[in-house]
Amino acid sequence: PDRHSADSFASRIELVRAAAERQRTARHFVEETLNGLPVGVMVADARQHVVLTNQRLRVLLAHDDTALRGQTLVAILSSLQTRTPIDFAARLAELGEVGSLLQFECETSRGMQLFVSVIGLIHVDGLAGIITSFADTSELHAAQKARDETMRFISHDLRSPLASIVTLIDHTARSAHSTSADNLALIGRYA
């Protein structure tokens, strides 16, 4: 009986080793997949504690993996500057409902503009985890600002000649005795 129980024990140990190796391989696959994404990604468990992050997220938030892993999602999201206050604890509690999604724009402490999407992973027993993506929209905001500035300049340049023409028409309408030569001189001055 001792030899049989030793063989049984050794086979159980081997099964545990094989399961642990499969889990390590699966985790490595998930981490490599996340690192291949162009956006920052953070995965939290059902208790909202961060369990995985990708390299892009660590760059965006200027944190290393050990600083993020184990923190609560509420603490990390609350460190971001949003345009309007968000009660992250309440909003994250809603993620247990199918189809529930939280999206917002924010700014990091370094002034980087981010678009954040948070969605719950629903299991038959309820919320199994939370995936959060962080897209850098800084270049998009800079392009929008440049476009707005250009439109202001164009609008100003279009209004300036129109103002001159309106002034000329007003002057012509008020002076009934002006001549064509006077009008040509005014046009030359405004042009």
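## A salt bridge along helix 1

E31 is partly exposed, its relative accessible area being 23%, and in this predicted model the side chain of E31 meets that of R27 in a salt bridge with an N to O distance of 3.4 Å. R27 is likewise assigned to the partly exposed class, with a relative accessible area of 36%. The two residues are four apart within helix 1, which spans residues 2-35, so about one helical turn separates E31 from R27.

## The sheet and its edges

Six strands make up an open sheet, in which the order is 2-1-6-5-4-3 and the pairing is antiparallel. Its edges are formed by strand 2 (50-53) and strand 3, each of which pairs on one side only.

At the edge formed by strand 2, the neighbour is strand 1 (residues 40-45), and these two strands pair in the antiparallel sense over three bridges; within this pairing, A44 has V50 of strand 2 as its bridge partner. At the edge formed by strand 3 (residues 81-82), the pairing with strand 4 is also antiparallel and runs over two bridges, and here Q81 has E107 of strand 4 as its bridge partner.

## Strand 4 and its hairpin

Strand 4 covers residues 101-107 and presents two faces, a covered one with L102, F104 and C106, and an uncovered one with L101, Q103, E105 and E107. This division follows a general pattern, because in a regular strand the side chains alternate between the two faces of the sheet.

Strand 4 also pairs with strand 5 (residues 113-123), in the antiparallel sense and over seven bridges, and in strand 5 the residue standing opposite Q103 is S117. The two strands form a hairpin with five residues between them, and in the turn G111 adopts a positive phi of about 85°.

## An aromatic pair on the covered face

How many aromatic pairs does the model contain? The count comes to one. This pair is formed by F88 and F104, whose ring centres are 5.2 Å apart and whose planes make an angle of 55°, an arrangement classed as tilted. Because F88 belongs to helix 5 and F104 to strand 4, the pair ties together parts that are 16 residues apart in sequence. Both F88 and F104 are buried, and F104 is one of the residues on the covered face of strand 4.

## Other salt bridges

The count of salt bridges comes to nine, and among them is one between D45 and R47, whose side chains meet with an N to O distance of 3.5 Å. R47 counts as exposed, with a relative accessibility of 61%. D45 lies within the range of strand 1, residues 40-45.

A further salt bridge joins R83 to E105, with the closest N and O atoms 3.8 Å apart. R83 lies in the loop between strand 3 and helix 5 (88-93), whereas E105 lies in strand 4, so this pair ties together parts that are 22 residues apart in sequence. The two partners fall into separate exposure classes, since R83 counts as exposed at 60% relative accessibility, while E105 is partly exposed with a relative accessible area of 31%. Elsewhere, R27, E31 and R69 are joined into one network by salt bridges that share partners.

Technical notes: Residues are numbered from 1 along each chain as its sequence is written. This is a predicted model: local features need pLDDT of at least 70, side-chain atom pairs count only at pLDDT 80 or more; totals for chains, interfaces and linings use all residues. Side-chain values use heavy atoms; hydrogens and water are left out. Buried means under 20% relative accessible area, exposed over 50%, partly exposed in between (1.4 Å probe, protein chains only). Two strands pair if DSSP finds at least two bridges between them. A salt bridge is a side-chain nitrogen of Lys or Arg within 4 Å of a carboxyl oxygen of Asp or Glu. Rings of Phe, Tyr and Trp (its six-membered ring) pair if their centres lie within 6.5 Å; planes under 30 degrees apart count as stacked, over 60 as edge-to-face and the rest as tilted.
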